[in-house]
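Trainee: Please take me closely through a single part of this model, beginning with the surroundings of whatever is bound there, and then set that part in the context of the whole chain. I would like one connected account rather than a list.

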Amino acid sequence: MEPVFHSIGVSRLRIGVDGEGVTTLAAGHGCPLRCRYCLNPQCFRSTKPLRTYTVQELLREVSIDDLYFQATGGGIVFGGGEPLLYADFIHAFRQACPAEWKLSLESSLAVDRKELVKVVNDLDFFLIDIKDMNPEIYQAYTGRDNQKVLLNLEYLVHAADPEHVCIRIPLIEGFNTEKDQEKSRDILRNMGFIKFDLFRYDTGRGKEKYGNQSDTGKDDHGSQRLR
Ligand code: SF4
């Protein structure tokens, strides 16, 4: 069966938000987590996505920016919601889109490992939002346990070039502390990850950076908020 992408929106001409160059965010409907301060609750509250795309339909829509992607080293960012719910679609999209386009993923990794395996070689950059590595904090904030996240992190650190993975570690008021953030970063460093983005959530209106401790050279790796 042809894979489809149930979307809560497509946002064009993003610069310096979520990856190199000019990007288009394709945000998927659905998420296995229930974060207390979700940026895009419409991805699981509404019963219907805004639109459903076949690979060719999405390709046609985003190709309008082909020249920008090719000139700036940009491309498509799959976010959401949880884009790994659409791993088959992303894999098919990679086969269909120009080879020069960069494909990135903004994911919490809270899915079965087989979904990540399907796309790990199709993606150029991974933006991973781990919330917190402490299982109790994670459970309190997301309403789920972080077993799948841990398994996927172990896989990703070997399956992808750590230079192409940035791990976001939020400070979430009422749930963790700066010390917890540092603990999470230390655990991830010991696993082999090298790029981190520690930031403070603005729980009402997105997030504001207070200290980028990554070495990615970017001001912001963007949020999953569709803007
Ligand atoms: S992972 Fe993102 S989309 Fe899913 S519940 Fe959390 S904030 Fe919302």
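Mentor: The shell of residues around the ligand is made up of six nonpolar, five polar and two charged residues, and I should say at once that the model is a predicted one. In total 13 residues surround the ligand, the closest being Cys-31, Leu-33, Cys-35, Cys-38 and Ser-108. One of these, Cys-35, also belongs to a core of six residues that is separate from the largest one and that includes Tyr-138, Ile-172 and Phe-175 as well.

From there I would turn to strand E4, which covers residues 75-79. Five of the five residues of E4 are buried, so the strand is largely enclosed by the rest of the structure. Its pairing partners can be taken in turn. Strand E2, residues 22-28, pairs with E4 in the parallel sense over five bridges, and within this pairing Ala-27 stands opposite Gly-79 of E4. Strand E5, residues 102-107, also runs parallel to E4 and is joined to it by four bridges, with Val-77 standing opposite Ser-104 of E5.

The connection between E4 and E5 deserves attention too, since E4, helix H4 and E5 together make a right-handed β-α-β unit. In the loop that leads from E4 to H4 one finds Gly-81, and the peptide bond joining Gly-80 and Gly-81 is cis, with omega at about 5 degrees.

Helix H4, residues 87-96, contributes five residues to the largest nonpolar core, which is the largest share of that core. The core itself has 51 residues, and those with the most contacts inside it are Phe-126 and Ile-167. If neighbours within four places in sequence are left aside, Phe-126 is in contact with Leu-105, Leu-156, Ala-160, His-164 and Val-165.

Helix H7, residues 147-159, holds Lys-148, which has 18 C-beta neighbours inside 10 Å and therefore counts as partly exposed. Not counting residues up to four places away in sequence, Lys-148 touches Leu-109, Ala-110, Val-111 and Asp-112. For Lys-148 and Leu-109, the C-alpha to C-alpha distance is 7.1 Å, although 39 residues separate the two in sequence.

Two backbone details elsewhere in the chain can be read side by side. Leu-13, in strand E1 (residues 4-15), has a phi near 55 degrees, a positive value in a residue other than glycine, and Lys-131, in the loop between strand E6 (125-129) and helix H6 (135-142), likewise has a positive phi, near 65 degrees. Their surroundings should be stated separately: Leu-13 counts as exposed because it has 12 C-beta neighbours inside 10 Å, whereas Lys-131, with 26 such neighbours, counts as buried.

As for the whole chain, it has eight helices and nine strands, and 44% of its 227 residues count as buried. Among contacts between residues at least 6 apart in sequence, 72% join residues at least 24 apart.

Terms used. Residues are numbered from 1 along each chain as its sequence is written. This is a predicted model: local features need pLDDT of at least 70, side-chain atom pairs count only at pLDDT 80 or more; totals for chains, interfaces and linings use all residues. A residue is near a molecule or strand if its C-beta atom, placed from the backbone, lies within 6 Å of it. Ala, Val, Leu, Ile, Met, Phe, Trp, Tyr, Cys and Pro count as nonpolar, Asp, Glu, Lys and Arg as charged, and the others, Gly among them, as polar. A nonpolar core is a set of buried Ala, Val, Leu, Ile, Met, Phe, Trp, Tyr and Cys residues joined through C-beta atoms within 7 Å. A residue is buried if 20 or more other C-beta atoms lie within 10 Å of its own, exposed if 12 or fewer, and partly exposed in between; C-beta atoms are placed from the backbone. Two residues are in contact if their C-beta atoms, placed from the backbone, lie within 7 Å. Two strands pair if DSSP finds at least two bridges between them. A crossover is right-handed if, with the strands pointing away from the viewer, the path from the first strand over the helix to the second runs clockwise.
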